[in-house]
Amino acid sequence: MTAIRRLWKNGIREISCWKHEKRELGKGIAFGVLICWLFYDRIWLSGCFCPCLVPWMRYQRRRRKEREKERMRKDFREMMQLVSNGLSVGYSLENALKSACHDMRQNQGGNSGKFLEELEIVAASMYMHEPADRLLFSMAERLEFEELRQFAEIVSIVKRSGGNLIEIIKRTCGHLGQSLQMKEEIRTMTAAKEMEKKVMSLMPYFILVYIRTANPGYFQVLYDTIPGVLLSTAALILLISAQFWAERMVLIEI
């Protein structure tokens, strides 16, 4: 009974997130309707595929978080460079962070991300004389950003025991820049394969749509017999498995 109650709560929590993800939800519903029409010729079966929306939405959410994480890494690199420049001209760490926040806001304009929004909260809190390292720790926890947490630890250690903060930040910028450059090179080298993967993943659906449109009765034997339905289901499972396998092949993490 406890497991059922926990499963119910998790389901309610998952569905409550969907109201902020209407675009992904619409894509999932449209994809489900398309599959039911192409593989079973029964659109009403899309109601039976509703539980499949849960892994679909989680997959889309994970991809969005990966894109946000990549954006945060670039913003973090820009912030580090601006902070390093501010420290080089004699600013304190707090003033360098405030100046970096102001410059990033001017550079990004209305296209600001979550990192800059959190950095603005940190800059505003500094006017209340909050310690910079504690604010950076809190920001790293909210964003779940490991590189920022490591930087906050470095700042905290330097402030307690002393050290050349300018040199440390410059080395951190260099290390982060090398990592981002390597990722850009890998992304450039795998861009062609990524496009091939997308084309090959969508091509079977386009072929099925073309055949069903040009010759509606061609697949009728698959829809009216049990062996045909089982064959369609097996083909659908193999097709989706191949898409996930192809995505794993082009995924290279550093």
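1. A disulfide is taken here as a pair of cysteine sulfur atoms within 2.5 Å. A search of the whole structure, which is a predicted model, finds 0 such pairs.

2. Two cysteines may be described by their burial. Cys 36 has a relative accessibility of 0% and therefore counts as buried, the cut-off being under 20% relative accessible area. Cys 101 has a relative accessible area of 7%, so Cys 101 is likewise buried.

3. The UniProt record, an unreviewed entry, carries the annotation "transmembrane region" for residues 199–219 and 225–246. This annotation may be inferred rather than shown by experiment, and the model can be set beside it as follows.

4. Over residues 199–219 the predicted chain is 76% helix and 0% strand. The C-alpha atoms at the two ends of residues 199–219 are separated by 23 Å.

5. For residues 225–246, helix accounts for 95% of the span and strand for 0%. A distance of 32 Å separates the end C-alpha atoms of residues 225–246.

6. Ser 232 merits a separate remark. Ser 232 belongs to helix 11, which comprises residues 226–249. Is Ser 232 buried or exposed? Its relative accessibility is 5%, and Ser 232 therefore counts as buried.

7. Which residues does Ser 232 contact, leaving aside its neighbours within four places in sequence? They are Phe 39 and Leu 222. With Phe 39 there is also a polar contact: the side chain of Ser 232 reaches the backbone oxygen of Phe 39 at 3.4 Å.

Definitions and conventions. Residues numbered from 1 in each chain as written. Predicted model: local features only at pLDDT ≥ 70, side-chain atom pairs only at ≥ 80, totals over all residues. Heavy atoms only, no water. Helix = DSSP H or I, 4+ residues; strand = E, 2+ residues; numbered from the N terminus. Buried < 20%, exposed > 50% of the residue type's maximum accessible area, 1.4 Å probe, protein only. Polar contact = N/O pair within 3.5 Å; in protein donor to acceptor, adjacent residues only side chain to side chain. Contact = heavy atoms within 4.5 Å.
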